[in-house]
Amino acid sequence: MNLVTHRSGSPAGPRMLLLHGFTEDGTTWPDLVARWGGTWDLLAVDLRGHGVSPRFAPEDVPCASDVMLDDVLELLAEQDEPLVLLGHSLGGNLALQAACAMPERVRALVLEDPASPFGPDDDVDAFVTGTLAFLDSLADRDGEVARMRRETTWSDAEIDAWADSKRRVDRAAVGPGIGAGGDWPALWRTVEVPTLLLVPPGPTMAPTDHGNPHVRRVVVDGAGHCVRRDRPEAFFAAVEDFLTTH
């Protein structure tokens, strides 16, 4: 089943495939599009259950992550040549899995604080309850946008896109199946494509000692989970430096 994609930038440029985080969609990259649209052919995906891509069938909800990965692999297989794959959070998890499964289709991998799979000690019920409450809070869209403008350094374009994406989330996807995510330690050990990992300081979901020479880890001071929004200049500088040689 085909995902909806948002294409922008330069059709003659090298292609970059963008995989968003949970509860966002392919419209939530406005600053990146503004920065790289003159150079890159940008393909931003609405992952299944997000944006205007297909919803989850009831039988797919318990294995939502696996279904999403199959979607991404199908999209990669349709590309004419290897591309740069950039993913944030859930999208970073899927990007890492996809690069391990189809390394011949990925020229380079950029991971913005990728989300680890649910572990045995994770409170999945609290995650579900909290996520649904978070989505409900966006019913007051203008109030949440005003709060984000007070409390964050994100650009207005990023805040607006972030807020608008929430009403397009398939609430059926909010469950244990969204956090499967593969064998996390093995993925980091076995990824073979050049990989840039961007993380905030302090504890992160990605391992600090991955033992893989293909992975370059960059800690971005002053950033939280949304590295590119919290510290955009540091994010763009690190990615641009990485991609000059990959």
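Helices and strands are taken here as DSSP runs, of at least four residues for helices and at least two for strands, and are numbered from the N terminus. In the predicted model, Glu78 is placed in the loop that joins helix H2 (64–77) to strand S4 (83–88). With a relative accessibility of 45%, Glu78 is classed as partly exposed, because that category covers the range between under 20%, which is buried, and over 50%, which is exposed. Glu78 contributes to a negative surface patch, whose other members are Asp66, Asp70 and Glu74.

Aromatic contacts were examined next. Seven aromatic pairs are present in the structure. One of them is formed by Phe22 and Phe127, whose ring centres lie 5.9 Å apart with an angle of 25° between the planes, an arrangement that is classed as stacked. This pair connects distant parts of the chain, since Phe22 belongs to the loop between strand S2 (15–19) and helix H1 (30–36), whereas Phe127 belongs to helix H4 (residues 124–137), at a separation of 105 residues. The two partners fall into separate accessibility classes: Phe22 counts as buried at 16% relative accessibility, while Phe127, at 25%, counts as partly exposed. A further pair is made by Trp36 and Phe236, in which the ring centres are 5.3 Å apart and the planes stand at 80°, so that the geometry is edge-to-face. Because Trp36 lies in helix H1 and Phe236 in helix H9 (residues 232–243), this pair ties together parts of the chain that are 200 residues apart in sequence. Trp36 and Phe236 are both buried. Phe22 and Phe127 are, in addition, members of one aromatic cluster that also includes Phe118.

Charged contacts were considered over the whole structure, in which 19 salt bridges are found. Among them is the bridge between Asp136 and Arg171, with the closest N and O atoms 3.0 Å apart. Here too the partners come from distant parts of the chain, Asp136 being located in helix H4 and Arg171 in the loop between helix H6 (156–165) and helix H7 (184–190), 35 residues apart. Asp136 is partly exposed, at 44% relative accessibility, and Arg171 is likewise partly exposed, at 39%. Another bridge joins the side chains of Asp241 and Arg216, with an N to O distance of 3.4 Å. Asp241 is part of helix H9 and Arg216 is part of strand S7 (residues 215–219), so this contact ties together parts that are 25 residues apart in sequence. Asp241 has a relative accessibility of 46% and therefore counts as partly exposed, and Arg216, with a relative accessible area of 33%, is also partly exposed.

The side chains of Asp156 and Arg149 likewise meet in a salt bridge, at 3.1 Å from N to O. Asp156 is partly exposed, with a relative accessible area of 46%, and Arg149 is partly exposed as well, with a relative accessible area of 38%. Both residues take part in a network of salt bridges, in which they are linked with Arg141, Asp142, Asp160 and Asp164.

Backbone geometry was examined at two further positions. Most residues other than glycine have a negative phi. Ser89, by contrast, has a positive phi, near 55°, and is situated in the loop between S4 and helix H3 (90–101). With a relative accessible area of 10%, Ser89 is buried. A positive phi is likewise found for Asp113, near 40°, in the loop between strand S5 (106–112) and H4. Asp113 counts as buried, its relative accessibility being 5%.

A buried acidic residue is also found within a strand, namely Asp46, which lies in strand S3 (residues 41–46) and has a relative accessible area of 1%, so that it is classed as buried. The C-alpha atom of Asp46 is separated by 7.6 Å from that of His20, although the two residues are 26 residues apart along the chain.

Definitions and conventions:
Residues are numbered from 1 along each chain as its sequence is written. This is a predicted model: local features need pLDDT of at least 70, side-chain atom pairs count only at pLDDT 80 or more; totals for chains, interfaces and linings use all residues. Side-chain values use heavy atoms; hydrogens and water are left out. Patches are made of residues with over 30% relative accessible area and no salt bridge: like charges are joined within 9 Å, nonpolar side chains (Val, Leu, Ile, Met, Phe, Trp, Tyr) within 5 Å. Accessible areas come from the Shrake-Rupley method with a 1.4 Å probe; for residues, only the protein chains shown count as cover. A salt bridge is a side-chain nitrogen of Lys or Arg within 4 Å of a carboxyl oxygen of Asp or Glu. Lys and Arg count as positive and Asp and Glu as negative; His and the chain ends are not counted. The place of a charge is taken as NZ of Lys, CZ of Arg, CG of Asp or CD of Glu. Buried means under 20% relative accessible area, exposed over 50%, partly exposed in between (1.4 Å probe, protein chains only). Rings of Phe, Tyr and Trp (its six-membered ring) pair if their centres lie within 6.5 Å; planes under 30 degrees apart count as stacked, over 60 as edge-to-face and the rest as tilted.
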